[in-house]
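Let's take a walk through this protein together, one region after another. Keep the sequence and the 3D view open side by side as you read.

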Amino acid sequence: MKLSKYRVEPGRGVSLGDWDTHDNGDWERQEAEERTSVLNARLEGLQELLYAEHRHKVLIVIQATDTGGKDGTIRHVFDKVNPQGVHVASFKKPTHTEIAHDYLWRVHAKTPGAGEITIFNRSHYEDVLVVRVHGLVDPLTWGRRYEHINDFERMLVEEGTTVLKFFLHISKDEQRERLQDRIDEPDKNWKFDLGDLGERELWSEYQAAFTTMLERTSTKQAPWHVIPADRKWFRNLLISEIVVDTLEGLDMSWPDPEPGIDGLVIE
Ligand code: AMP
Ligand code: MG
């Protein structure tokens with residue numbers, strides 16, 4: 001699959017309307033699910049190697065509008081990995097302590113250590129998204145953050161972290177259906193948040209904020225991918241492909257055995 005098609009070229013203008021939310025890359029659902037399951041098994045092996053080698057750090061950032069599929073992506077793409085080496089950090093409305101610090105403080109504390117994969121379910125990007133849309137700080141303040149974020153991510157990369165960023169792109173119609181399901185289906189009621197309706201009214205403001213985020217913070221060292229996410233099975237396939245492809249590119253190897261164990265027989 002041509003993965004570069006979904007990567008946002010650094011410095012290029014972005015028009016989200018040009019990215020088809022319903023794209024399926026010419027895959028049929030069943031084939032895609034089979035392939036995803038093969039990739040997930042490969043991811044399991046790669047993650048074990050990453051953990052054993054204890055050298056690389058991997059940070060996966062997921063951003064999306066409400067109902068965009070952040071939780072489902074994490075559940076499906078990482079279903080086979082060993083929870084020991086994989087962490088999920090979810091960023092909610094900052095606490096009193098968090099808001100008393102700079103906005104990267106809570107984020108930096110959650111970045112992966114050697115041998116770990118950390119998935120950010122929302123991230124420091126909320127500080128140029130919800131914060132911008134709701135005017136939680138003045139435009140001069142959020143406007144400076146794109147450069148801070150690029151510098152912060154460049155530092156992480158230069159210190160040995162691989163950074164992958166996914167924007168899950170759904171249509172406004174798809175969001176309506178997913179919100180309606182959360183009302184109509186009892187086992188989804190818990191996910192329904194009345195506040196999401198107010199956020200939905202700000203759809204175009206959010207799309208504008210996502211657009212600037214993609215334009216200003218897709219860098220060579222930490223690129224954004226726009227994932228067509230109306231079809232969950234294609235979203236899962238594409239993210240699995242990109243994660244596996246990236247880990248395979250890390251050129252990892254098993255650590256050398258302890259000296260002297262060659263031929264050792266346990267009594
Ligand atoms: P959820 O992911 O549905 O549990 O919702 C988490 C909520 O926290 C969302 O409404 C986010 O917009 C909000 N949130 C996350 N980070 C920030 C932030 N830095 N400032 C304000 N709100 C935030
Ligand atoms: Mg929510």
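Which residues of helix α2 (residues 70-77) are buried? Before the reply, please keep in mind that this is a predicted model. In α2 the buried residues are K70, G72, T73, I74 and V77. If you look at what surrounds them, you will find that they pack against α1, β1, β2 (86-90), β3, β4 and α11 (232-248). Several of those elements come back below, so α2 is a handy place to start.

Let's turn to the strands next. Strand β4 covers residues 161-169, and 9 of its 9 residues are buried, which leaves the strand mostly covered. Try looking at one face and then at the other. On one side sit T161, V163, K165, F167 and H169, while T162, L164, F166 and L168 sit on the other, and all of them are buried. Notice that K165 belongs to this list of buried residues.

What does β4 pair with? One partner is β1, which runs parallel to β4 and is joined to it by 8 bridges. You can find this pairing in the view by locating V58, which stands opposite T162 in β4. Another partner is β5, again parallel to β4, with 5 bridges between the two. Here there are two pairs of residues to look for: K165 has W224 of β5 as its bridge partner, and L168 stands opposite I227.

Is β5 enclosed or open? Strand β5 spans residues 224-228, and because 5 of its 5 residues are buried, the rest of the structure largely encloses it. W224, V226 and P228 point one way from the strand, H225 and I227 point the other way, and every one of these residues is buried.

Strand β3 (residues 117-121) deserves a stop too, and T118 is the residue to pick out there. T118 counts as buried because its relative accessible area is 2%, where the limit is under 20%. Beyond its neighbours within four places in sequence, T118 touches V58, L59, I60, H87, K110, T111 and P112. V58 is the residue that stands opposite T162 in β4, so to speak a familiar face by now.

Now go back towards the start of the chain, to D23, in the segment before α1 (29-53). Is D23 buried or exposed? D23 is buried, since its relative accessible area is 14% and the limit is under 20%. Apart from neighbours within four places in sequence, its contacts are K5, Y6, P228, R231 and F234. P228 in that list is one of the buried residues of β5. Although D23 and A229 are 206 residues apart along the chain, their C-alpha atoms are separated by 8.1 Å. The side chain of D23 also takes part in polar interactions: a polar contact of 2.9 Å joins it to the side chain of Y6, and it reaches the backbone nitrogen of G25 at 2.8 Å.

While you are in this segment, have a look at the backbone of D26. Most residues other than glycine have a negative phi. D26, also in the segment before α1, has a positive phi of about 65 degrees although it is not a glycine. With a relative accessible area of 76%, D26 is exposed. H54 offers another example, with a positive phi near 55 degrees. H54 is found in the loop between α1 and β1 (57-64), and at 55% relative accessibility it counts as exposed.

Finally, let's visit the ligand. Which residues surround ligand 1? They are F91, K92, K93, P94, R106, R122, E126, D127, V130, V131 and L136. By class, this shell has 5 nonpolar and 6 charged residues, with no polar ones. For the individual polar approaches, begin with K93, where a polar backbone atom is 3.1 Å from an oxygen atom of the ligand. A nitrogen atom of ligand 1 lies 3.2 Å from a polar side-chain atom of R106, and a polar side-chain atom of D127 lies 3.2 Å from a nitrogen atom of the ligand. Taken alone, ligand 1 exposes 500 Å², and the protein buries 74% of that.

Conventions: Residues are numbered from 1 along each chain as its sequence is written. Chains are lettered from A and ligands numbered from 1 in the order in which they are written. This is a predicted model: local features need pLDDT of at least 70, side-chain atom pairs count only at pLDDT 80 or more; totals for chains, interfaces and linings use all residues. Side-chain values use heavy atoms; hydrogens and water are left out. Helices (H or I, at least four residues) and strands (E, at least two) are DSSP runs, numbered from the N terminus. Buried means under 20% relative accessible area, exposed over 50%, partly exposed in between (1.4 Å probe, protein chains only). Contact means heavy atoms within 4.5 Å. A polar contact is a pair of N or O atoms within 3.5 Å; within protein, one must be able to donate a hydrogen and the other to accept it, and residues adjacent in sequence count only if both atoms are side-chain atoms. A residue is near a molecule or strand if one of its heavy atoms lies within 4 Å of it. Accessible areas come from the Shrake-Rupley method with a 1.4 Å probe; for residues, only the protein chains shown count as cover. Ala, Val, Leu, Ile, Met, Phe, Trp, Tyr, Cys and Pro count as nonpolar, Asp, Glu, Lys and Arg as charged, and the others, Gly among them, as polar. Two strands pair if DSSP finds at least two bridges between them.
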